[in-house]
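Reader: I'm at home with gels and columns, but less so with models on a screen. Could you walk me through how to read one, feature by feature?

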Amino acid sequence: YEKTGIDDYFRTIPEGEQRTANLELLEKEAQDFDGTSFHGLSQFVRFLQKIKDNEMDSGEANVFGESEDVVRLMTIHKSKGLEFPICFVAGCNRKLRNGRTDFLSMNSNLGVASEAIDNKKRIRRKTICQKYIDDKNREEEMGEEFRILYVALTRAKEKLILTGVVANSEKKMREWQIRQYSYVERVKANSYFDCMMPCI
């Protein structure tokens with residue numbers, strides 16, 4: 001960059017600020033690469049070629065500061081620790097993880113359980129152990145979903161707007177109005193709307 005003055009040239013052309021930031025990002029990538037066991041320009045070029053071939057583009061550098069007057073789109077995880085005047089939480093109708101219904105059920109603390117098979121009747125059904133493990137897995141997954149939802153709901157300083165699509169909304173509203181906000185209902189929730197609307 002110093003020899004060619006390319007960064008000075010990019011500052012003078014349209015979108016120069018973004019182009020210069022991208023050059024700085026490339027420089028940082030090169031410094032990070034140099035800290036690995038690989039060294040040299042040819043190895044770095046090979047590394048960049050692999051990224052290009054595998055379409056693993058790291059995107060453009062961010063040229064906006066925290067106080068810029070812009071709209072930011074991000075995942076709930078990325079928004080953790082940040083606050084904004086107005087926040088939209090989109091896709092509140094998204095189906096939550098419901099646990100698995102596989103032949104085997106596994107839990108790191110409880111172990112493994114499988115379905116019981118009756119060869120004579122040619123049927124299989126869940127055992128009590130498997131149901132217990134499935135319930136525990138569901139409980140843990142819902143705990144994680146509630147932590148994510150908490151992050152989403154606490155990012156807004158002034159206004160929080162929840163969006164989502166619900167089929168047969170009148171029927172759904174009646175269900176939410178009569179639903180008691182108990183532990184059992186929370187664990188059975190199928191979406192963020194199911195978690196929130198009985199309270200609202």
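Author: Happy to. Keep in mind that this is a predicted model. Let's begin with charged pairs: the count here comes to nine salt bridges.

Reader: What lets two side chains pair up like that in the first place?

Author: The general idea is that side chains of opposite charge can pair when their charged atoms come close. In this structure, take Asp134 and Lys126, whose side chains meet in a salt bridge with 2.4 Å from N to O.

Reader: Is Asp134 buried or exposed?

Author: Asp134 counts as buried, because its relative accessibility is 13% and the cut-off for buried is under 20%. Its partner Lys126 is partly exposed, with a relative accessible area of 29%.

Reader: Which residue does Glu139 pair with?

Author: Glu139 forms a salt bridge with Lys136, and the closest N and O atoms are 3.9 Å apart. The cut-off is within 4 Å, so a pair at 3.9 Å is counted. Here the helix helps you read the pair: Glu139 and Lys136 are three residues apart in helix α4, so about one helical turn separates them. As for accessibility, Glu139 is partly exposed at 34%, and Lys136 is partly exposed at 27%.

Reader: Where do Glu175 and Lys172 lie?

Author: Both are in helix α5, which covers residues 169-178, and they sit three residues apart, about one turn of the helix. Their side chains meet in a salt bridge at 3.6 Å, N to O. Glu175 is partly exposed at 27% relative accessibility, and Lys172 is partly exposed at 22%. There's a further partner to look for: salt bridges that share partners join Lys172, Glu175 and Asp194 into one network.

Reader: Okay, on to strands. How do β2 and β3 run, and how many bridges join them?

Author: Strand β2 (residues 104-107) and β3 run antiparallel, with four bridges joining them. The two form a hairpin, with three residues between them. To find your bearings on screen, look for Leu104, which stands opposite Ser114 in β3.

Reader: And how do side chains point along a strand?

Author: In a regular strand the side chains alternate between the two faces of the sheet. For a residue to look at here, pick Val112, which is in strand β3 (residues 111-114). Val112 is exposed, because its relative accessible area is 57% and the cut-off for exposed is over 50%.

Reader: Which residues make a nonpolar surface patch with Val112?

Author: The patch is made by Phe103, Leu104, Met106, Val112 and Ile117, and has an area of about 480 Å².

Reader: Now a polar side chain. Is Gln130 buried or exposed?

Author: Gln130 is buried, with a relative accessible area of 0%. Gln130 is in helix α4 (residues 128-153). Its side chain makes a polar contact of 3.1 Å with the side chain of Ser105.

Reader: What else does Gln130 touch?

Author: Leaving out residues up to four places away in sequence, Gln130 touches Asp102, Phe103, Leu104, Ser105, Ala113, Ser114 and Glu115. You've met two of these already: Leu104 and Ser114 stand opposite each other in the hairpin.

Reader: How about a buried aromatic?

Author: Try Phe44, found in helix α3 (residues 41-53). At 9% relative accessibility, Phe44 counts as buried. With residues up to four places away in sequence left out, Phe44 touches Leu26, Glu29, Ala30 and Phe33. You can also check a backbone distance: the C-alpha atoms of Phe44 and Asp34 are separated by 8.3 Å, and these residues are 10 apart along the chain.

Reader: Let's zoom out. How many helices and strands does the protein have?

Author: The secondary structure comes to seven helices and six strands. Read along the sequence, the pattern is α-α-α-β-β-β-β-β-α-β-α-α-α.

Reader: What share of the residues is buried?

Author: Buried residues make up 21% of the 200 in the protein. For the outside, the accessible surface comes to about 15,500 Å², and 53% of that belongs to carbon and sulfur atoms.

Reader: And what share of the contacts is between residues 24 or more positions apart?

Author: Among contacts with a separation of 6 or more, residues 24 or more positions apart account for 61%.

Conventions: Residues are numbered from 1 along each chain as its sequence is written. This is a predicted model: local features need pLDDT of at least 70, side-chain atom pairs count only at pLDDT 80 or more; totals for chains, interfaces and linings use all residues. Side-chain values use heavy atoms; hydrogens and water are left out. Patches are made of residues with over 30% relative accessible area and no salt bridge: like charges are joined within 9 Å, nonpolar side chains (Val, Leu, Ile, Met, Phe, Trp, Tyr) within 5 Å. Accessible areas come from the Shrake-Rupley method with a 1.4 Å probe; for residues, only the protein chains shown count as cover. Buried means under 20% relative accessible area, exposed over 50%, partly exposed in between (1.4 Å probe, protein chains only). Two strands pair if DSSP finds at least two bridges between them. A polar contact is a pair of N or O atoms within 3.5 Å; within protein, one must be able to donate a hydrogen and the other to accept it, and residues adjacent in sequence count only if both atoms are side-chain atoms. Contact means heavy atoms within 4.5 Å.
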